[in-house]
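Biologist: Please take a close look at a single part of this chain, beginning with its sulfur atoms, and then connect it carefully to what you can say about the rest.

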Amino acid sequence: MSKRRANGGGNIRKRKDGRWEGRYTAGRDPETGKAIYKNVLGRTQAEVNEKLKKAIGEGAVLDPSKAGQYTVGQWLDTWLEDYAKLSIRPSSHKTYRGFIENHIKPAVGNILLEKLTSMDLQKLYKKLLESGRVDRIEARSKPKGLSVKTVRNINQMISSACNCAVEQRIIAMNPTRGCALPKLEKKEMKILPLDCLTTFFEEAKRSGVFELYYIDLSTGLRRGELLGLKWSDIDLKKGIIRVQRQILRQNGAVVEAPLKTKNSYRNIAVGKDTVELLKQMKQGSTSEYVFPSPTGGPISPDSVLHKLQRVLKRAGLEKIPFHSLRHTFSVLALQNGVDVKTLSSMLGHYSAGFTLDTYAHVTTAMQTKAANTVSSFLSGAIQ
């Protein structure tokens, strides 16, 4: 016999297989008006009683017409196309699609979204760290596991999708909240050795790419931003560069794309030497781009990286990422008295705090130097 509970509290019965079942009304179908029933199972009446209370409590915040309708894979597809796609860059959309198809669906894609647990995700992240890399020819020389950063990005994407599901009353809580994520180790920042700048520029001139790297080192632009510069973005009279777009490679094609964040859209003041160099470049230019490809269109981001590595090798210098030129600009600026707030604005960072954290090693050295200067002055005043 079923044990009826208070109104809205469901009922509990013992089944023929010996287990206990709690049944409750989760709401009504908005189209048919019929009641939607759900159940919970347990080995004891007390266990089912607790599960029933929890389910009814969660049901109060869920939409019964949506809850239980999606697997993890189905919801991620829906979220990516109907929600995320409206606010993310095409390159991010492509990255998220790869995460979903290559890593998430094969492992947890068939689990009902409302049944997804932190433990399911924890097992997924562990597996991805150990052996998650997709087997491609270009990746066979790399470690079998995904990087910590990639796994954390996957978790962030799942978290965003689950937050949306909570807002849509599909699930009661976000399962990523209970996950322990691997710590992201900070890599040592590489810059172009400041005492080797002359050697670097001499080789860049011999290789015919001096202007490209000089302007990047004098502005701190990201690679895509540098390649996206057009002559219409530059006011040579005022010495101002307007950063408006970036160049990316998408689906094999070199294309223009919006900048990553609103802070990336900015105006940068440049020095007199940089203005003079730009004037000389403009006189012989027939393209709208400051740094065009041989055909006059945008140049490939891969191309300028390969050129950089060739120049470094010929100059006898250690290989560094292209982004290290931006770091070199920042270090030079700080060491020559540019305050962190101004530098943050020039770099397009979202806050001066982020800039300060990124270049903490530089500012710490500067503070030590300042402290020693003050200390020497005070010591000199002691009779």
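Modeller: Cys162 counts as buried, at 2% relative accessibility, where buried means under 20% relative accessible area, exposed means over 50% and partly exposed lies in between, with a 1.4 Å probe and protein chains only. This is a predicted model, in which local features need pLDDT of at least 70 and side-chain atom pairs count only at pLDDT 80 or more, while totals for chains, interfaces and linings use all residues. Residues are numbered from 1 along each chain as its sequence is written, and side-chain values use heavy atoms, with hydrogens and water left out.

A disulfide is a covalent bond between the sulfur atoms of two cysteines, and here it is taken as a pair of cysteine sulfur atoms within 2.5 Å. The cysteine sulfur closest to that of Cys162 belongs to Cys179 and is 9.3 Å away, too far for a bond. By this rule the model has 0 disulfides. Cys196 is buried too, with a relative accessible area of 18%.

For the wider frame, the chain has 14 helices and 9 strands, both read as DSSP runs numbered from the N terminus, with H or I over at least four residues for a helix and E over at least two for a strand. Of its 383 residues, 39% count as buried. Among contacts between residues at least 6 apart in sequence, 58% join residues at least 24 apart, a contact being heavy atoms within 4.5 Å.

Helix H5, which spans residues 148-167, meets helix H3, which spans residues 90-108, with axes that come within 11 Å and cross at roughly 100°. Such axes are lines fitted to C-alpha atoms, for helices over the stretch in contact, and the angle runs from 0 to 180 degrees between N-to-C directions. H3 and H5 are therefore roughly perpendicular to each other, given that angles of 65 to 115 degrees count as roughly perpendicular, those under 35 as roughly parallel, those over 145 as roughly antiparallel and the rest as oblique. On the H3 side the contact is made by Tyr96, Phe99, Ile100, His103 and Ile104, and on the H5 side by Thr150, Asn153, Ile154, Met157 and Ile158.

The loop between H5 and helix H6 (197-206) holds Arg169, which has a positive phi of about 60° although it is not a glycine. Most residues other than glycine have a negative phi. Arg169 is partly exposed, with a relative accessible area of 38%.

Helix H9 (residues 272-283) has 12 residues and reaches 17 Å from its first C-alpha to its last, close to the 16 Å expected, a span obtained as 1.5 Å times one less than the number of residues. Its buried residues are Thr274, Val275, Leu277, Leu278 and Met281. They cover an arc of only 160° around the axis, which puts them on the same side of H9, the arc being that of the directions from the helix axis to the C-beta atoms. Those buried residues pack against helix H7 (210-219), strand E5 (234-235) and strand E6 (240-243), whereas the face turned away from them carries the exposed residues Lys272, Asp273, Gln280 and Gln283. Thr274, taken alone, has 4% relative accessibility and, leaving aside neighbours within four places in sequence, is in contact with Tyr214, Ile215 and Ser218.

Beyond H9, the loop that leads to helix H10 (301-314) contains Ser293, which is buried at 14% relative accessibility. With neighbours within four places in sequence set aside, Ser293 is in contact with Pro298 and Ile299. In helix H10 itself sits Leu312, whose relative accessibility of 0% makes it buried. The C-alpha atoms of Leu312 and Leu192 are separated by 9.5 Å, although the two residues are 120 residues apart along the chain. Under the same exclusion of sequence neighbours, Leu312 is in contact with Leu192, Phe200, Leu317, Glu318, Lys319 and Ile320.

Strand E3 (residues 20-28) offers a charged case in Glu21, which is buried with a relative accessible area of 9%. Its C-alpha atom is separated by 6.7 Å from that of Asn39, 18 residues away along the chain. Residues up to four places away in sequence not being counted, Glu21 touches Asn11, Ile12, Arg13, Arg15, Asn39, Val40, Leu41 and Val48.
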